[in-house]
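The questions below ask why certain terms are used for this structure. Each answer sets a value against a cut-off and concludes.

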Amino acid sequence: MLTLENVTAGYHRLQILHEISLEVNAGEIVSIVGANGAGKTTTLNTIAGLVKPSSGTITFAGQAAAGRRPSDLVREGLVLVPEGRALFGSLTVEENLQMGGWTQDRAATVASLAEVFELFPILYDRRTQVAETFSGGQQQMLAIGRALMARPKLLMLDEPSTGLSPKLTWAVLDAVKRIRDTGVAVLLVEQNASQALAMADRAYVLESGSVVLEGRGPALAQDDRVRSAYLGM
Ligand code: ATP
């Protein structure tokens, strides 16, 4: 579904990612864990077309993706839920969701809306409420729901549990698993390394812009280096 080969990227002359290689297959959750500033957000933004790689290749759904416009990538099913959620605060739940469906025709939008309401019934109950009055957990559900309205093949999530209680974190990450189970590939960046590794089919550890470890999620959670650096053990 998605392959990065030796991708180098950064901001102006500041190189942040150093020859990153990773892949995400259909129907799997792949997590990226790493310390603050390791380059996790930069990786997602580079895949989404928001940061231009200076070298390397990105292939999405069989086509070269590096350097393409973010909006074109969304049309093809590569959708990012950004850090901080970027909701339209003064719009209602339903209006936010409709905005997310801008790539789709009316019939697909109606179908997606029903699917999102089934995944997150609270969004249906509160569909006329404006987004800015929501709690953090509800806002995260709305941000994910809005991304689903674009019918992603690959859903990228940047730190979805930030600011959420353990209970709401569990609810959001459980929804992510259910999204994976519908066949959508998921690339997840999480501060909460133990949960991100436990739920990942595969995972990558990023340090100073380089991939230093990769493997099956639960197996990586047992790795001594990962346990001491990221799990506080
Ligand atoms: P965090 O968990 O803190 O979000 P991260 O692993 O997601 O960390 P990035 O946000 O990708 O890391 O940041 C990687 C490096 O790039 C950091 O040193 C950061 O200061 C720098 N950086 C991020 N955005 C920009 C920008 N727009 N311009 C210049 N430098 C940036």
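**Ligand contacts and a paired strand**

Q: What makes the pair between the side chain of Thr42 and the ligand a polar contact?
A: In this predicted model, a polar side-chain atom of Thr42 lies 2.5 Å from an oxygen atom of the ligand. A polar contact needs N or O atoms within 3.5 Å, so the pair counts as one.

Q: How do you know that Glu159 makes a polar contact with the ligand?
A: An N or O atom in the Glu159 side chain is 3.3 Å from a ligand oxygen atom. The cut-off is 3.5 Å, so this pair qualifies. The protein buries 61% of the 630 Å² that the ligand exposes when taken alone.

Q: Which element gives the largest share of the shell around the ligand?
A: Helix 1 (residues 40-47) does, with three residues. By class, the shell holds four nonpolar, five polar and three charged residues.

Q: Why is strand 9 called largely enclosed?
A: Buried means under 20% relative accessible area. Five of the six residues of strand 9 (residues 202-207) are buried, so the rest of the structure largely encloses this strand.

Q: What makes strand 9 and strand 10 a pair?
A: Pairing takes at least two bridges. Strand 9 and strand 10 (residues 210-216) run antiparallel and are joined by six bridges, so they pair. One of the bridge partnerships links Val205 with Leu213.

Q: How do you know that strand 3 pairs with strand 9?
A: Four bridges join strand 3 (residues 29-33) to strand 9, against a minimum of two, so they pair. The two strands run parallel, and Ser31 stands opposite Ala203.

Notes:
Residues are numbered from 1 along each chain as its sequence is written. This is a predicted model: local features need pLDDT of at least 70, side-chain atom pairs count only at pLDDT 80 or more; totals for chains, interfaces and linings use all residues. Side-chain values use heavy atoms; hydrogens and water are left out. A polar contact is a pair of N or O atoms within 3.5 Å; within protein, one must be able to donate a hydrogen and the other to accept it, and residues adjacent in sequence count only if both atoms are side-chain atoms. Accessible areas come from the Shrake-Rupley method with a 1.4 Å probe; for residues, only the protein chains shown count as cover. Ala, Val, Leu, Ile, Met, Phe, Trp, Tyr, Cys and Pro count as nonpolar, Asp, Glu, Lys and Arg as charged, and the others, Gly among them, as polar. Buried means under 20% relative accessible area, exposed over 50%, partly exposed in between (1.4 Å probe, protein chains only).
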